[in-house]
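Please read the following note with the structure open beside it. The points below concern its interior, and they may be checked one at a time.

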Amino acid sequence: MEQNMFEQAVDVLCDNIKGRLQGIAGQIKNNAIEIRMRTGLPLMINMVGESVFLLKNGGVTCNNRPGVYLITDEDIQQSFRKICGYSVHSYQNEICNGYLTVKGNRIGFCGTAVVEDGKITTLRKITSLNIRIARQIHNTADQIVSLFHQKGLCGVLILGAPATGKTTMLKDLVRQLANGSIGRFVQISVVDERGEIAGERGDPFCNDLGVSSDVLSGYPKGKGMETAIRTMAPEMIVCDEIGSREDAAAVAEAVNSGVKVVATMHAGSMEEFLRKPIAKPLLDIGAFDYVFVLDGSGPKCLVKQVFDLEHLRKGGGKAFSYDQNIGNDFCGDSVGVDRTLDVLEFIKKGE
């Protein structure tokens, strides 16, 4: 299964690079998280905590040494055209944003920006590609599912630095809930703006999101949430990477409509989240009852902390933080409680 995800990711690259990558060892395919292509530089495969370089004659090395394969401009340009389905002009909006999503894999690229009236209108001379290999890993959301078993459905915000497994966890959470893991089939609307949760672009959805989920693919988060509420009667809305005031307003509308929201955000810690402009609006409206913080130092989807905002709002004083080794105790009185972060004061003072 893991090798199939790797093969699917490299299938969008030019024949030269695709053929070279298909010949590497299965263990590297299983553990690869990114493929990096830079004009004139070695073809690099990133794994958790380790990077390797592809050799010209096959195999890999941990060192940038003579004999490594150097990416050519032709490799980059042919791969970029293939990624765009040989219709670059059809994806100008995505190109201006610096990435495309193909079968759930986000592919970022760098080049020379063409700017008109202060806005990027296109990119020319692409020089770098980053293929992030999306995987559907079962049971990565078990801690959140356990929480729902104990508390019922509630709002959850998942924080983590890039590549810590936020989207992977979302996919597994939707799959479990929409397949009846808490004793019933939860009606879920997935607002998949970038196509990374369901894994779709011109093909059927390639990720298993269960039998009671509906996918709004390509919708901006605000419009997608609005549409879901008006047309699909969801119990829960799931979306990836909220960050703007418009996103916060859409979350507020969902909460005010009685819908629970599970979302992710780029932030390596609770403190980093609280420094964001949308933190206070989200806390003010009670959008989220729990905040899960992922650990960026180890495997993907490793939960480092869980903050109990529900306990805070019920008069518990400070927000509790649970070490991930404590297990599935979400009662509010566990040992190892971290009382250093006073979210309540943050809300009151409007910092």
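1. The lining of the largest cavity in this predicted model consists of nine charged, seven polar and four nonpolar residues. A student may wish to colour the lining by these three classes, charged, polar and nonpolar.

2. Which residues lie closest to the centre of this cavity? They are R132, T167, T168, E196 and K300, out of 20 lining residues. The volume of the largest cavity is about 210 Å³, and the structure contains three cavities of 30 Å³ or more.

3. As for the elements around the largest cavity, helix α7 (166–178) and strand β6 (105–116) each contribute at least two residues to the lining. The largest share, four residues, is supplied by α7.

4. The nonpolar cores form a separate topic. In soluble globular proteins, nonpolar side chains tend to be buried together. Here the largest nonpolar core comprises 35 residues. L13, I17, L21, M37, L43 and L129 have the most contacts inside this core. Strand β7 (residues 119–132) provides the largest share of the core, namely four residues.

5. What does M37 touch, if residues up to four places away in sequence are not counted? The partners of M37 include L13, I17, L43 and L129, which, like M37 itself, are among the residues with the most contacts inside the largest core. M37 also touches I71, D75, I76, S79, T127, S128 and I131.

6. Apart from the largest core lies another, of 32 residues. Among its members are A228, V261, L282 and F307.

Conventions:
Residues are numbered from 1 along each chain as its sequence is written. This is a predicted model: local features need pLDDT of at least 70, side-chain atom pairs count only at pLDDT 80 or more; totals for chains, interfaces and linings use all residues. Side-chain values use heavy atoms; hydrogens and water are left out. A nonpolar core is a set of buried Ala, Val, Leu, Ile, Met, Phe, Trp, Tyr and Cys residues joined through side-chain atoms within 4.5 Å. Buried means under 20% relative accessible area, exposed over 50%, partly exposed in between (1.4 Å probe, protein chains only). Contact means heavy atoms within 4.5 Å. On a 1 Å grid over the protein atoms alone, a cavity is a set of points where a 1.4 Å probe fits but cannot get out, and a pocket is an open set with protein on both sides within 12 Å along at least five of seven lines; lining residues have an atom within 4 Å of a point. Grid points are joined across faces, edges and corners, and a volume is the space filled by probe spheres set on the points. Ala, Val, Leu, Ile, Met, Phe, Trp, Tyr, Cys and Pro count as nonpolar, Asp, Glu, Lys and Arg as charged, and the others, Gly among them, as polar.
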